[in-house]
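Trainee: Could you take me closely through the strand pairing in this model, and what packs against it, with the cut-offs behind each term?

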Amino acid sequence: MVDFKEQQQRYWQLLHQPESLFLLHQANDVEHFIALMTDFLAWPELNLEHMLAFIALQQDSFIPDLDRFSQAWFPCRYHSQHKTVSWVPAFHRLSKPFLEDDISDARRCLLASFIQPKTLLEPLLSQRESLPIVNPSLMIFHWSRCGSTLVSSSFALLETCRVLSEPMLCSDVMHDDHWPLELKPQLVDLCLRLQGRLRLGERELVIKWNAWDLACWPMLLELYPKSRVLCLIRNPKDIMFSHQRVAGRHMAGGQSLLPTELHTQQMENTEPSLDEFRTTVLQHFAQLSAALYQSSRAILLDYHQLKDFKPTTFSTILGWPLSEGEIERWQHHWRFDAKQQGQLFTPVVSNEPVPLRELQSPSWQQLFMTYNQLLQRLYWDKKHDI
């Protein structure tokens with residue numbers, strides 16, 4: 001006779017045992033996985049049907065012992081409707097251009113297919129102080145299509161460096177209006193203590209934020225006052241051309257990622273064209289970047305500088321020494337497309353003139369005025385040898 005209370009207790013213990021979970025993670029076939037679960041649950045009659053039914057009953061949200069639990073599990077998705085967080089196994093080193101790609105890889109094992117923990121977010125806050133403190137060595141802000149993926153993926157080549165490239169979990173929590181402003185810094189820090197937990201010899205943490213997270217820079221700089229800050233910008237014409245080819249989420253239209261004041265402004269006017277919408281978004285980014293620069297915390301770089309940089313120049317600017325071997329790896333890496341692994345990088349720049357109608361629009365003129373003002377404040381002047 002199976003004692004389901006005992007099996008349930010064994011199951012929750014299993015979710016907090018990295019060594020046992022790693023064995024399940026390595027299982028290559030269903031039979032091996034079931035055999036391991038039979039031992040861990042002390043359930044001799046266990047088969048696939050019983051296992052699936054049993055795990056399904058345990059999938060409701062629960063509150064784990066977060067310090068132990070997060071040694072084997074990585075929070076991957078925030079569900080705003082129910083304020084819950086989904087988890088995947090944490091046995092792979094992060095190495096892809098975007099964190100979402102690493103999460104997709106983590107989901108491919110049998111362990112992630114059969115066991116999919118879900119927890120409520122807010123009750124985890126009481127355990128935040130039990131987790132290792134995170135102090136990002138570098139935070140990267142950008143307007144999008146400004147070379148940020150090249151920069152973040154370069155740091156991912158360093159074995160001692162952990163890179164979170166556009167962590168959607170943190171972004172979604174930051175931009176969920178459900179949470180009061182005074183609680184958001186604690187929630188973001190909780191998410192980063194979990195996702196940025198250093199593993200396998202890692203000593204440094206680099207975070208490349210989503211483009212729209214630029215709006216949160218005051219909170220993030222206050223939260224991590226020791227972090228170096230890099231802000232990447234680019235000629236708006238080239239950004240617009242890039243998004244015309246393949247639009248990013250924040251440039252695809254709609255209002256969801258615009259701040260409240262821009263949403264209200266656009267609701268009062270007629271429905272903007274896609275180009276007008278994109279110009280408004282870029283102007284907002286430009287204004288945020290100007291304010292960030294005024295804080296005296298950020299290093300400001302333009303794409304036209306970055307693409308010509310030598311790794312030694314870049315490491316000098318950031319104060320991040322590189323060994324000869326790391327410099328060689330960076331030089332090789334910078335020859336390739338950061339988003340298309342294995343493909344040589346080919347710059348694509350629009351030679352089409354900006355339509356006169358756009359040039360005459362106040363929003364476009366304001367955008368370029370702000371961009372040109374930022375160009376005058378660049379950290380690395382053309383007179384320097386790059």
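Mentor: What follows goes through the two sheets in turn and ends with a single loop residue.

This is a predicted model, in which local features need pLDDT of at least 70 and side-chain atom pairs count only at pLDDT 80 or more, while totals for chains, interfaces and linings use all residues. Residues are numbered from 1 along each chain as its sequence is written, and side-chain values use heavy atoms, with hydrogens and water left out.

Helices (H or I, at least four residues) and strands (E, at least two) are DSSP runs numbered from the N terminus, and two strands count as paired if DSSP finds at least two bridges between them. On that basis, three strands make an open sheet in the order S1-S2-S3, with antiparallel pairing. Strand S1 (73–79) and strand S3 (118–120) stand at the edges, each with a single partner strand, so one side of each has no neighbour in the sheet. From one strand to the next, the twist averages 35°; here axes are lines fitted to C-alpha atoms, for helices over the stretch in contact, and angles run from 0 to 180 degrees between N-to-C directions. Six bridges join S1 and strand S2 (residues 84–89) in the antiparallel sense, and Pro75 has Trp87 as its bridge partner in S2. Helix H6 (residues 99–106) packs on this sheet, touching S1 and S2, and its direction makes about 115° with that of S1; contact means heavy atoms within 4.5 Å.

The other sheet to look at is also open, with five strands in the order S5-S6-S4-S7-S8 and parallel pairing. Its edge strands are strand S5 (161–165) and strand S8 (298–302), each of which pairs on one side only, and its twist averages 20° from one strand to the next. Strand S7 (residues 228–233) pairs with S8 in the parallel sense over five bridges, where Cys231 has Leu300 as its bridge partner in S8. Helix H14 (residues 274–294) packs on the sheet and touches strand S4 (138–142), S7 and S8, its direction making about 145° with that of S7.

Finally, Glu202 lies in the loop between helix H10 (184–195) and strand S6 (204–208). Glu202 is buried, with a relative accessible area of 9%, where buried means under 20%, exposed over 50% and partly exposed in between (1.4 Å probe, protein chains only). Leaving aside neighbours within four places in sequence, Glu202 is in contact with Arg93, Glu159, Thr160, Cys161, Arg162 and Arg197.
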